[in-house]
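Me: I'd like to walk through this model with you, one question at a time. Shall we take a look?

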Amino acid sequence: MLTPRLIPCLDVRDGRVVKGINFQNLRNVGDPVDFATKYEASGADEIVMLDVSATSEHRSAALNTVRALRRVLSIPLTVGGGVRSESDASALLDAGADKVALNTASVQSPILLTRLANRFGCQCIVQAIDAKRLDTGSSASGWTVFTHAGTRDTNIDAVDFARSAAGCGAGELLLTSIDHDGTGSGFDIPLLRAIAGIIDIPVIASGGGRTPQHLAAALDAGASAVLVATILHDGHNTVASLKQSLQALNVKVRA
Amino acid sequence: MHITIINTGAANLASVRAAFERLNCRTQTTEAPDDVLAAPAVVLPGVGAFGPAMQRLRDLRIDTALRARISGNKPTLAICLGLQLLLDASEESPGVAGLSIIPGTAVKFPNNAVRVPHMGWNTVRVSTDAPAWPWPTLIADAYFANSYRLSIALGTMPEWSLLTSEYAGTFVAAFARGSLLACQFHPELSGAFGHSLLQRWLDIAKANALGDQSMRDTELSRC
């Protein structure tokens, strides 16, 4: 059977893994190749690397990190962060990414998804959605898409956008709850249900997972994969221990 | 061993190259039909769509080189879309003829029943109906990323050794015969299992190269 995926996420800036809360106060926690190697050995199903640099000179550093990760990884590598154009995506794939995740650029211009899917196939195009609950009534579902690393409200309904991204050629969604990210309070289950329930491409749940029960709840809500970072970086859990806990909760994962 | 990877234009070749480099092989890419015909070990990778990929193979005249190579049992590895290109056709690009190395049409997974693409790790099993190929194991997990698949009634490919998998029904995860291996999954992304599968294929390729060499030696000694 197709097993749900446990995907460690590396937020990388200047060739180093960093971690913050609600996208703020980033602190340096280590070398991406060391982290990725350890995660693969421990049973990670895939690795996501998000380049959280802001400037163009940092972009080439990110490409070097992708090359270094590719040399050691024999599992899939998804890379996102600052992918603005077809040439950005192409450069990441050439460097060794198996999939690219787009965010701001394809929220502004979903046709970019179509162009990339036509060229590279939808299976390597991931739409990242940073969603935030706003009780202002500005979106029908209650969740709005934020861009620019979670700082700008687009006023676009997150559920509507998820549907259109899937229709435009995204092969997968990486759905992050800004409200839950880094809090350890669990994934945003109502958000996951709202989106996984109306599209047929896989959804990766992101933001807030701290315990095996949180991971199981996200998978139960329709996620095909869960993204985890803090829960692993702090050293209290390993991918293997999380998978054992999931097995104990009757979630069948790849051993 | 030297591995020649066909540049299909849309594929990211870095993962395939990295996997073979971890197996101490040197890799090069090619767009030349002569290389495809003569190289000791050739990989047909594949991402992108069936129609444009076939068009490119035809434009480069690699289609005939591949057919000749495979009919001569020269070591060839087809990955993902590469497997589908060996079929007659695909629903993805109606009216486009494939390489017809084996009969069949790739059809789309039913997206009313399962999420598509079929993305992630799925169990693959050696089909007991088929003749043995030196698979590293009888059952394993492999990484897939595909929207189309070859579903066949077992027994209709009697001379091929098969791995099968389940997703909205049984489909072909890999087929092999002699020194041809075609995988719907990505061996280069399938961890330890993928590594050992590539190693098996390399062993066969090396034996094949030695066989060629000894055949040439025999011919030379006759002169």
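Reply: Gladly! This is a predicted model, where local features need pLDDT of at least 70, side-chain atom pairs count only at pLDDT 80 or more, and totals for chains, interfaces and linings use all residues. Residues are numbered from 1 along each chain as its sequence is written, with chains lettered from A and ligands numbered from 1 in the order in which they are written.

Me: Which residues of helix 4 (residues 62–71) of chain B are buried?

Reply: Helices here are DSSP runs (H or I, at least four residues; strands are E, at least two), numbered from the N terminus. A residue is buried if 20 or more other C-beta atoms lie within 10 Å of its own, exposed if 12 or fewer, and partly exposed in between, with C-beta atoms placed from the backbone. In helix 4 of chain B, the buried ones are B:Ile62, B:Asp63, B:Ala65, B:Leu66, B:Arg69 and B:Ile70.

Me: Why are they on the same side of helix 4 of chain B?

Reply: The arc is taken from the directions from the helix axis to the C-beta atoms. The buried residues lie on the same side of helix 4 of chain B because they cover an arc of only 160 degrees around the axis.

Me: What phi does B:Asn73 take?

Reply: B:Asn73 sits just after helix 4 of chain B. Its phi is positive, at about 55 degrees.

Me: Which residue of strand 9 of chain B stands opposite B:Lys108?

Reply: Two strands pair if DSSP finds at least two bridges between them. Strand 6 (residues 105–108) and strand 9 of chain B pair in the antiparallel sense over two bridges. Opposite B:Lys108 stands B:Tyr148.
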